[in-house]
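Grab a pencil and have the viewer open. Try each task yourself before you read its solution.

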Amino acid sequence: MHDIIHESLSRQEKALCLLRDLLEEEYSSLLSRDIDTVVSLEFSVQELIRHLALEKTFVIKRLGGMRVAEYADALPDDLAVILLETLRCIDASEQDVARQASRNTTLSLAL
């Protein structure tokens, strides 16, 4: 089960990095007022968020509602370290995405 959870968390981490990149590109398009590109990027952003939600739901169901950190505590140290590091990367990426999304919202409201 560890491998399944780790693979899902890895996909989430990669998706969050892609989401941050898309939001940065959207910000640049907002600055240049390229509405067609913004609309296209927004569609991609929404689809990626949908996939992220599915991955998170998958992990929650696999763990029976248990938090990943709690699950990691029950694992041998070497496996726990891997999961917890991935979890830290996900948290950092989520914070980056939230900051960029906030910048995009502020800019779009200003325009």
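What follows is a set of exercises on this predicted model, each with a worked solution.

**Exercise 1. Work out the fold pattern and say how spread out the protein is.**

Solution. Start with the secondary structure: the protein has 4 helices and 0 strands. Going along the sequence, that reads α-α-α-α. Next, take the radius of gyration, which is 17 Å, and set it against the 13 Å that the globule rule gives for 111 residues. The value is well over the rule, so the protein is more spread out than a compact globule. To finish, look at the box filled by the C-alpha atoms: along the principal axes it comes to roughly 50 × 20 × 20 Å.

**Exercise 2. Describe the surface, the buried share and the charges of the protein.**

Solution. Begin with burial: 32% of the 111 residues are buried. Then turn to the outside, where the protein exposes about 7,000 Å². Carbon and sulfur atoms supply 57% of that area. Now for the charges: there are 12 positive and 20 negative ones, and their mean positions lie 3 Å apart.

**Exercise 3. Find the largest nonpolar core and say which helix gives the most to it.**

Solution. First, count the members: the largest nonpolar core has 21 residues. Those with the most contacts inside it are I5, L9, L16, L19, L63, Y71 and L83. Second, check where the core comes from: α1 (2-31), α2 (35-62), α3 (68-73) and α4 (77-110) each put in at least two residues. Third, pick the top contributor, which is α1 with 7 residues. For a close-up, select L83 and skip residues up to four places away in sequence; what's left touching L83 is H2, I5, H6, L9, Y71, A72 and L75. As a last step, zoom out to sequence range: of the contacts between residues at least 6 apart in sequence, 76% join residues at least 24 apart.

**Exercise 4. Decide whether Q12 and I90 are buried or exposed, then list what each one touches.**

Solution. Place them first: Q12 is in helix α1, and I90 is in helix α4. The cut-off for buried is under 20% relative accessible area. Q12 has 4%, so it is buried. I90 has 5%, so it counts as buried too. Now the contacts, leaving aside neighbours within four places in sequence. Q12 is in contact with L52, E55, K56, V59 and I90. From the other side, I90 touches L9, Q12, E13 and L16. One more distance to try in the viewer is I90 to L19: these residues are 71 apart along the chain, and their C-alpha atoms are separated by 12 Å.

**Exercise 5. Sort D3, R33 and E42 into exposed and partly exposed.**

Solution. The cut-off you need is that exposed means over 50% relative accessible area, while partly exposed sits between that and the buried limit of 20%. Take D3 in helix α1: its value is 53%, so D3 is exposed. R33 is in the loop between α1 and α2, and at 59% R33 is exposed as well. E42 belongs to helix α2; with 30%, E42 is partly exposed.

**Exercise 6. Which residue has a positive phi, and how far apart are the C-alpha atoms of D3 and L79, and of E42 and L19?**

Solution. Check the backbone angle first: R33 has phi near 55°, a positive value in a residue other than glycine. You can find R33 in the loop between α1 and α2. Then pick the D3–L79 pair: 76 residues separate them in sequence, and 9.4 Å in space, C-alpha to C-alpha. For E42 and L19, the gap along the chain is 23 residues, with 10 Å between the C-alpha atoms.

Notes. Residues numbered from 1 in each chain as written. Predicted model: local features only at pLDDT ≥ 70, side-chain atom pairs only at ≥ 80, totals over all residues. Heavy atoms only, no water. Rg over C-alpha atoms; globule rule 2.2 N^0.38 Å. Buried < 20%, exposed > 50% of the residue type's maximum accessible area, 1.4 Å probe, protein only. Contact = heavy atoms within 4.5 Å. Areas by Shrake-Rupley, 256 points an atom, 1.4 Å probe, with all protein chains shown as cover. Lys, Arg positive; Asp, Glu negative; His and termini not counted. Charge placed at Lys NZ, Arg CZ, Asp CG, Glu CD. Core = buried A, V, L, I, M, F, W, Y, C linked by side-chain atoms within 4.5 Å.
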